[in-house]
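Trainee: I should like to go through this structure term by term and ask what justifies each label.

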Amino acid sequence: MLDPLRSLGALLALLGALVSLPVAAQRLAFEPVLERDGVQVMAAQWEPGTIRRTVPPRVAGDMSWPLARAQALRRAIDDVAMEGLDPAEYRPDLLEAAMAAGEGPELDRVAATIFGWLVADYRDGRTPLSARTSYLMEDPDAALLPTDALMERALATGDIRGTLASLLPSHPDYAALRAHLSITPAEDTARLNRIRANLDRWRWLPRDLGGLHLLVNVPEFMLRLNVNGEMMRSYRVIVGRPGRSATPMMAEMVEGVIFNPNWTVPQSIVVGEGLGNRVLNNPAWARSMGYTATRLPGGGVSVVQAPGPRNALGLMKLDMPNPHAIFLHDTPSRNLFGQEVRALSHGCVRVQDALELAVTLILLGEGTTAHEAMRISASGQLTRVPLAKPIPVYLGYFTLRVADDGQLTEYRDLYNRDGAVLAALAQRRVRAI
């Protein structure tokens, strides 16, 4: 039997502890106020000796902006600097002018517009999609946290700043970067801008990544398994080469683990790198590598590599269906994990100690037992183990990260993606209402 788990006993002990704990589900910061509640939310107490309130009572569905709420929104605009954003972009001057003119439709219109700007940038990110190179992610936050419901909640409770803050990423790495932003000297503009860019990249991801998830940081060449807010395991990875093979930013679900996978070779390799002709012209070599070539109608060639020790996917791949054919898998070339710069693949992510990761996910995802998983792996047979609880996996791109010792560590901008983000953040938007 192959021995891919270097410390299987310790791993199983760890997993036993993990599976005994409930994994936190994705959480929303609040529940929406429903029309049918019919509950008036008191924003202030009666003034002594009068029948007038300092702020009128609010009913679900009331979207007007009393002066007190608008003042809270004005304070929230100042807060954006702590998130690496520019307060001037949210037009505090227009809000102040509308407040000076008094309550009414104009203040409602100005405040609602500015609140929507803040929601969009906190929830979805400040950088426009045009500056997000190879960003293939679908962020569900806009559907889960619609602006109208957020504004209704903020107005009903009066907690404008709290409602906005609830949209920010909940991951500890975001909080750590935010803390470093506050202590970085103003004259260190290069570092400040890099922090701002990476804070915004966190806002591109779903706010809540899930109680159990995998996160790849491509420039760092690392994969981390996170459970209930704690990093439980880390793995070295190999990512795509710069250029056309660069690994994109993605968010997918691991639905199962495929042991002893076969590999249907992409046409970019069959044709673009000449593998098809090599397999057809060298049958002995092709057999030794497990390749089989099939001629297609129209003259093309399909190449499949059978399971085995030389299979390019190694002993396992994670079943994470997506239209881009990007996934995490093992590799027979495990010596490459010793290299410092590991941008060597065609776009997929190769994982060190991949079978350990496979067994871990099978246990956490309630696929089967560790013993059965290892038996399946050792059988050499192509086998898919479905996960009863699919696990989200995120392919991220962070060129700054706060390490476990609290130090801010910078990683090489492997695919030269920082420039477009920094330029977008530096270009101040002048908005009109």
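Mentor: The discussion below takes the labels one at a time and sets each against its criterion.

Trainee: How do you know how far the coordinates can be trusted?

Mentor: This is a predicted model, and the protein averages a pLDDT of 87, with 86% of the residues scoring at least 70. Residues 19–60 are a separate matter, with a pLDDT below 50. That stretch nevertheless has 62 contacts in the model beyond near neighbours in sequence. Where pLDDT is low, predicted coordinates should not be read in detail.

Trainee: What are the overall figures for the protein?

Mentor: The protein has 15 helices and 16 strands. Of its 433 residues, 48% count as buried. The exposed surface is about 20300 Å², of which carbon and sulfur atoms supply 54%. Among contacts between residues at least 6 apart in sequence, 68% join residues at least 24 apart.

Trainee: Why is Leu167 called buried?

Mentor: The limit for buried is under 20% relative accessible area. Leu167 has 2% relative accessibility, so Leu167 counts as buried. The residue lies in the loop between α7 (160–165) and α8 (172–183).

Trainee: Which residues are in contact with Leu167, leaving aside its neighbours within four places in sequence?

Mentor: They are Val119, Tyr122, Arg123, Leu145, Leu150 and Arg207. As for distance, Leu167 and Leu118 are 49 residues apart in sequence and 9.8 Å apart in space, C-alpha to C-alpha.

Trainee: Which residues touch the most other members of the largest nonpolar core?

Mentor: Leu95, Phe115, Phe259, Leu318 and Leu328 do, in a core of 111 residues. Helix α4 (residues 105–124) contributes the largest share of this core, 9 residues. Phe259 has contacts beyond four places in sequence that include Leu315, Met316, Leu355, Ile362, Ile376 and Val385. Polar residues also appear among the contacts of Phe259, including Ser377, Gln381 and Thr383.

Trainee: What makes the buried residues of α3 line one face of the helix?

Mentor: In helix α3 (residues 92–101), the buried residues are Pro92, Leu95, Ala98 and Met99. Seen down the axis of α3, these residues fall within an arc of 125°, so they line one face. The face turned away from the buried side carries the exposed residues Ala100 and Ala101. Cover for the buried residues of α3 includes α2 (67–79) and α4. Just after α3, Gly102 takes a positive phi of about 100°.

Trainee: Why is the pair Glu410 and Arg191 called a salt bridge?

Mentor: The criterion is a side-chain nitrogen of Lys or Arg within 4 Å of a carboxyl oxygen of Asp or Glu. Glu410 and Arg191 meet at 3.7 Å, N to O, so the pair satisfies that criterion. The pair links distant parts of the chain: Glu410 is in strand β16 (residues 408–410) and Arg191 in helix α9 (residues 189–204), 219 residues apart. A search of the whole structure finds 24 salt bridges.

Trainee: How do you know whether Glu410 and its arginine partners are buried or partly exposed?

Mentor: Partly exposed runs between the limit for buried, under 20%, and that for exposed, over 50%. Glu410, at 43% relative accessibility, therefore counts as partly exposed. Arg191 is partly exposed because its relative accessibility is 26%. Arg194 has 19% relative accessibility and therefore counts as buried. The side chains of Glu410 and Arg194 also meet in a salt bridge, at 2.8 Å, N to O. This pair again links strand β16 with helix α9, its residues being 216 apart.

Trainee: What makes Lys389 and Glu366 a salt bridge, and where do they lie?

Mentor: The side chains of Lys389 and Glu366 meet at 3.1 Å, N to O, and the limit is 4 Å. Lys389 is in strand β14 (residues 383–396), whereas Glu366 is in the loop between α13 (354–364) and α14 (370–379), 23 residues apart. Lys389 is partly exposed because its relative accessible area is 45%. Glu366 has 48% relative accessibility, so it too counts as partly exposed.

Trainee: Which residues are joined into one network by salt bridges that share partners?

Mentor: The network consists of Glu89, Asp121, Arg126, Arg429 and Arg431.

Note on methods. Residues are numbered from 1 along each chain as its sequence is written. This is a predicted model: local features need pLDDT of at least 70, side-chain atom pairs count only at pLDDT 80 or more; totals for chains, interfaces and linings use all residues. Side-chain values use heavy atoms; hydrogens and water are left out. A nonpolar core is a set of buried Ala, Val, Leu, Ile, Met, Phe, Trp, Tyr and Cys residues joined through side-chain atoms within 4.5 Å. Buried means under 20% relative accessible area, exposed over 50%, partly exposed in between (1.4 Å probe, protein chains only). Helices (H or I, at least four residues) and strands (E, at least two) are DSSP runs, numbered from the N terminus. Contact means heavy atoms within 4.5 Å. pLDDT is the predictor's confidence in each residue, from 0 to 100. Accessible areas come from the Shrake-Rupley method with a 1.4 Å probe; for residues, only the protein chains shown count as cover. The arc is that of the directions from the helix axis to the C-beta atoms.
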